[in-house]
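I'm opening a fresh page for this one. My plan is to look things up one at a time and jot down what I find.

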Amino acid sequence: MSPTRRTVQLLLGLLAYALSMAMLIHAGQGGMPWDVLHQGVVRRTGLPFGVVVGSLSVLALLAWIPLKQRPGIGTIANVVVITVTIDPAIALVARLVPDPGVAASVALALGGIVLNGLATSAYLGVRLGPGPRDGLMTGLVARTGWSVRLVRTLIEVVVVTLGWALGGTLGWATVAYALGVGPIVQLTARWFAPRGFGAPPSARGDGEPAAGVPSRDPVPVTAGPRPGEGGMPEPGR
């Protein structure tokens, strides 16, 4: 893959990721697991959504230090692009669908899940580093020896529970996201990385991310849950 294609694919993937987040948030049917926490913090503090997303991303990156994780260009791009574009994306979706009824809300939620899977495949296909939340997960897996599924589940149970307690929106779309994104990523991975996403970084030794099923950020498919196993033990992201 040429450097130009990698750069374009990375940026378009992250922009699509932000748009998919906005679609799920505006649908009001339940956000991705980490977005349940983001919503809860926003409602308690009154801060812009992007500021909360960026702040928690930085906190996740700080947690990489004791876990001896190293960010890549894609990791930094993930933080910057999504932090900067999520609020405009939410405003755009609200402008296009100002007052969604039941049918429109369901369509927004399902469309957001599908778009998120496509965006995840595009983002991971460039192999430039995991997102901050997934790096936290893979770092914990490496340090504890626990399975990806167990660590991801524990993290997402904590963030969803805390987010719900703070006032975040938890609903059927949260569960649908946890169960549906993994299969979508696996079905579309070959479109963005024809030779596959490859082995986890520890196996390759090149610092590149493995393929993935996102939580807020993409999670390795090769090391992670298989389709239908989901991230949360229902609910999730």
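**Confidence.** This is a predicted model, so I went to the pLDDT values before anything else. Over residues 198-237 the pLDDT stays under 50. The model still has 136 contacts beyond four places in sequence for that stretch. Where pLDDT is low, the predicted coordinates should not be read in detail. I'm leaving those contacts alone. For the protein as a whole, I noted a mean pLDDT of 83, with 81% of the residues at 70 or more.

**Overall layout.** How many helices and how many strands does the protein have? I got 10 helices and 0 strands. Reading along the sequence, I wrote the pattern down as α-α-α-α-α-α-α-α-α-α. Of the 237 residues, 50% are buried. I also looked at how far apart in sequence the contacting residues sit. Taking contacts with a separation of 6 or more, 79% are between residues 24 or more positions apart.

**The cores.** Next I went looking for nonpolar cores. The largest one has 31 residues. Which of its members touch the most others? My list reads Leu14, Tyr17, Met21, Leu24 and Tyr177. The elements that give two or more residues to this core are helix H1 (3-27), helix H3 (49-62), helix H5 (73-96), helix H6 (102-125) and helix H9 (172-192). H1 gives the most, with 10 residues. I then found a second, separate core of 11 residues, with Leu37, Leu56, Val141 and Val148 among them.

**Helix H1.** Since H1 gives the most to the largest core, I checked its length. H1 has 25 residues and spans 36 Å from first C-alpha to last, close to the 36 Å expected at 1.5 Å a residue. Just after H1 comes Gly28, with a positive phi of about 70°.

**Helix H2.** I moved on to H2, which covers residues 33-45. Its 13 residues reach 19 Å from the first C-alpha to the last, close to the expected 18 Å. Which residues of H2 are buried? I wrote down Pro33, Trp34, Asp35, Val36, Leu37, His38, Gln39 and Gly40. One of these, Leu37, is also in the second core. The buried residues of H2 pack against H1, H3, H7, H8 and H9. Gly46, just after H2, takes a positive phi of about 80°.

**Helix H7.** I made the same kind of entry for H7. This helix runs over residues 132-144, has 13 residues and reaches 18 Å, close to the 18 Å expected. Its buried residues are Pro132, Arg133, Asp134, Gly135, Leu136, Met137, Gly139 and Val141. I had already met Val141 in the second core. What do the buried residues of H7 pack against? I found H2, H3, helix H4 (64-67), H5 and H8. Just after H7, Gly145 has a positive phi of about 80°.

**Two serines.** I picked Ser57 and Ser105 for a closer look.

Ser57 lies in helix H3. Is Ser57 buried or exposed? Ser57 is at 2% relative accessibility, so it counts as buried. Not counting residues up to four places away in sequence, Ser57 touches Val79, Pro132 and Arg133. Pro132 and Arg133 are both on my list of buried H7 residues. I also looked up the distance to Ile76: Ser57 and Ile76 are 19 residues apart in sequence and 9.8 Å apart in space, C-alpha to C-alpha.

Ser105 lies in helix H6. With a relative accessible area of 5%, Ser105 is buried too. Leaving aside neighbours within four places in sequence, I found Ser105 in contact with Ala27, Gln29 and Pro100. A polar atom of the Ser105 side chain lies 3.4 Å from the backbone oxygen of Ala27.

**Salt bridge.** My last search was for charge pairs. Side chains of opposite charge can pair when their charged atoms come close. The structure holds 1 salt bridge. Which side chains meet in it? They are those of Glu156 and Arg152, at 3.1 Å, N to O. Both residues lie in helix H8 (residues 148-166), 4 residues apart, about one turn of the helix. I checked their exposure as well, and Glu156 and Arg152 are both buried.

Terms used:
Residues are numbered from 1 along each chain as its sequence is written. Side-chain values use heavy atoms; hydrogens and water are left out. A nonpolar core is a set of buried Ala, Val, Leu, Ile, Met, Phe, Trp, Tyr and Cys residues joined through side-chain atoms within 4.5 Å. Buried means under 20% relative accessible area, exposed over 50%, partly exposed in between (1.4 Å probe, protein chains only). The expected span of a helix is 1.5 Å times one less than its number of residues. pLDDT is the predictor's confidence in each residue, from 0 to 100. Contact means heavy atoms within 4.5 Å. A polar contact is a pair of N or O atoms within 3.5 Å; within protein, one must be able to donate a hydrogen and the other to accept it, and residues adjacent in sequence count only if both atoms are side-chain atoms. A salt bridge is a side-chain nitrogen of Lys or Arg within 4 Å of a carboxyl oxygen of Asp or Glu.
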